[in-house]
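Here are some short exercises to help you practise reading a protein structure. Try each one on your own, then compare your steps with the worked solution.

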Amino acid sequence: MIAAVLDDFFLRALLAGLFVAVAAGMLGCFVVWRRMAYFGDATAHAAILGVALALAFSVSIFAGVLLVALAVAVIVSTLAGRGWAMDTTLGVLAHSSLAFGLVAVSFLPAVRVDLSAYLFGDILAVGRGDLAVIAVGAVLVVGLLAWRWSALLTATLSEDLAHAAGIRPARERLVLTLALALVVAVSLKVVGALLIAAMLIIPAATARTFARGPEAMAGLAAGIGAVAVAGGLGLSLHLDTPAGPSIVALAAVAFALSASLGALALRIAGRR
Amino acid sequence: MSLIAARGLTAGFGGPPVLRDVDFRIDPAEIVTIVGPNGAGKTLLLRLLLGIQRPDAGRVMRKAGLRLGYVPQRLHIDAALPMTVGRFLSLPLRQGAARQRAVLTDVGLPDLRGQQMTTLSGGQFQRVLLARALLAEPELLVLDEPTQGMDQPGIAAFYRLVEGLRSRLGCAVLSVSHDLHVVMSASDRVICLNGHVCCEGSPRVVSAAPEYRALFGLGTAGALALYRHDHDHDHEHDHPNPHAHPEDAAP
């Protein structure tokens, strides 16, 4: 029966989107708390280079993207550790990996590459194999974050405090880097390289207004992402709009609503 | 046996060493204060003693299983991170509500458990950090300039609180400070640090030491009147109003 249900392309798309929304929503909170937004963007842009290399060497796209995203994330961390300003390092690597990726793609036979599918996602074309990879990747990310949650949160608050409690902040940073590369790799098919960072940041930022604790914020962010995926897919089906951008656009509307509500609540509290 | 003992510590931040050949020890229930100008390596020494950073040379020995409570210098919580006081106390190890309330009561903030960390005042924030350090039931409480940004009454209240806790818990206290006129009165031993140990001893011995005076000048000596009223120095240095020290008015 499940097999029959998965025959429906729309349902496969919905499930893939939900898996990505939950993983990206949780990880996105750390991206927002640690001010790594641009870091997420750089890693996502590197995905295009991963696609090109994967196609050139005929390996799975998922593996290619995962490796390149991981490599870029590690290079950024290393350079930043050697005294280069973080924003400079990211500016160099984000755009150069995108540029190298686009150049590399141009060497490949045109029939093999529909670049816009990788830039903006192609969620409605998610096959059973894709869905399995996305599900495993997302579950890995959620599991990794849940396992390291307390240590990650402590290291995010203060590296010194973490050290004094016997936690190694460098290892926790590596956990986040790995999770980020995984999210980029599984999200590529769903929202595309250019919009992955949006799925990380917008649901988390939207959840901030309503959350009183870090766990609540992560849960809310996952939920908001899921609603945006379901709504965006529905929108795309009825209005024939591109699916990935529709999802992100809905998430952005949710953010605008949440920010306005937050401002309103502050005003009311101020008047009391 | 000492809680922490260190020998010949030399360390820096990649460049020339900031600390050279520093020896250190702290015994159970002892109050030790490290004073020194900015850049003297005070925080670096604490980081070495806590094991956050490795020395380039020398070694640090900690008592096996030493229970340590650490209050960091300053902690910025990003506004994007929602965090109640209770949740903060449960990092990294979960603590029951009763335990949280107990340590908050210890620092005089019994009703703060549900409040957001970002809405606390500077003094409340430092007290919450202190409460967090108490969760370990520490044998040694380490305070790294815990009163930065507080006003005079706030600083005095904070150190009175630390003294009260120490006499009740019997723990040792190692603090780093340049608020020496407040801390010194409570200290068993003061270490004057400026890349190396300039001088060391009871507050009285240190404040009279020529090395200490060379480092801090006579300007701060007036403030020592808080606990020592025998003015053993003259007031003829260039101070705008030498007889208007607020400390002099204290009973």
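**Exercise 1. Chain B as a whole**

What percentage of the 251 residues in chain B is buried?

*Solution.* Keep in mind that this is a predicted model. Step one is the count of buried residues: they make up 37% of chain B. Step two is to list the secondary structure, which comes to 8 helices and 9 strands in chain B. Step three looks at contacts between residues at least 6 apart in the sequence of chain B: 65% of them link residues at least 24 apart.

**Exercise 2. A strand and its partner**

Find strand β5 of chain B and work out which way its residues point.

*Solution.* Start with the strand itself, residues 68-71. B:Leu68 and B:Tyr70 point one way, while B:Gly69 and B:Val71 point the other way. All of these are buried. Next, look for the partner: β5(B) runs parallel to strand β6 (residues 140-144) of chain B, and 4 bridges join the two. To pick out one pair, begin at B:Tyr70, whose bridge partner in β6(B) is B:Val142.

**Exercise 3. A helix with two sides**

Why do the buried residues B:Ile155, B:Phe158, B:Tyr159, B:Val162 and B:Leu165 lie on the same side of α5(B)?

*Solution.* First get to know the helix: α5 of chain B covers residues 152-169, and its 18 residues reach 26 Å from the first C-alpha to the last, close to the 26 Å expected. Then recall a general rule: an α-helix has 3.6 residues a turn, so residues three or four places apart point the same way. Now take the buried residues of α5(B), namely B:Ile155, B:Phe158, B:Tyr159, B:Val162 and B:Leu165. They cover an arc of only 120° around the axis, so they sit on the same side of α5(B). Turn to the other side of α5(B), and you meet the exposed residues B:Pro153, B:Arg160, B:Ser167 and B:Arg168. Just after the helix, B:Gly170 takes a positive phi of about 70°.

**Exercise 4. Where the chains meet**

How many residues of chain A are in contact with chain B, and which element gives the largest share?

*Solution.* Count both sides: 20 residues of chain A are in contact with 16 residues of chain B. On the chain A side, the elements giving two or more residues are α2, α7 (128-157), α8 (159-164) and α11 (214-239). The largest share, 5 residues, comes from α7(A). Finally, sort the chain A side by class: 12 residues are nonpolar, 5 polar and 3 charged.

Conventions. Residues are numbered from 1 along each chain as its sequence is written. Chains are lettered from A and ligands numbered from 1 in the order in which they are written. This is a predicted model: local features need pLDDT of at least 70, side-chain atom pairs count only at pLDDT 80 or more; totals for chains, interfaces and linings use all residues. A residue is buried if 20 or more other C-beta atoms lie within 10 Å of its own, exposed if 12 or fewer, and partly exposed in between; C-beta atoms are placed from the backbone. Two residues are in contact if their C-beta atoms, placed from the backbone, lie within 7 Å. Two strands pair if DSSP finds at least two bridges between them. Ala, Val, Leu, Ile, Met, Phe, Trp, Tyr, Cys and Pro count as nonpolar, Asp, Glu, Lys and Arg as charged, and the others, Gly among them, as polar. The expected span of a helix is 1.5 Å times one less than its number of residues. The arc is that of the directions from the helix axis to the C-beta atoms.
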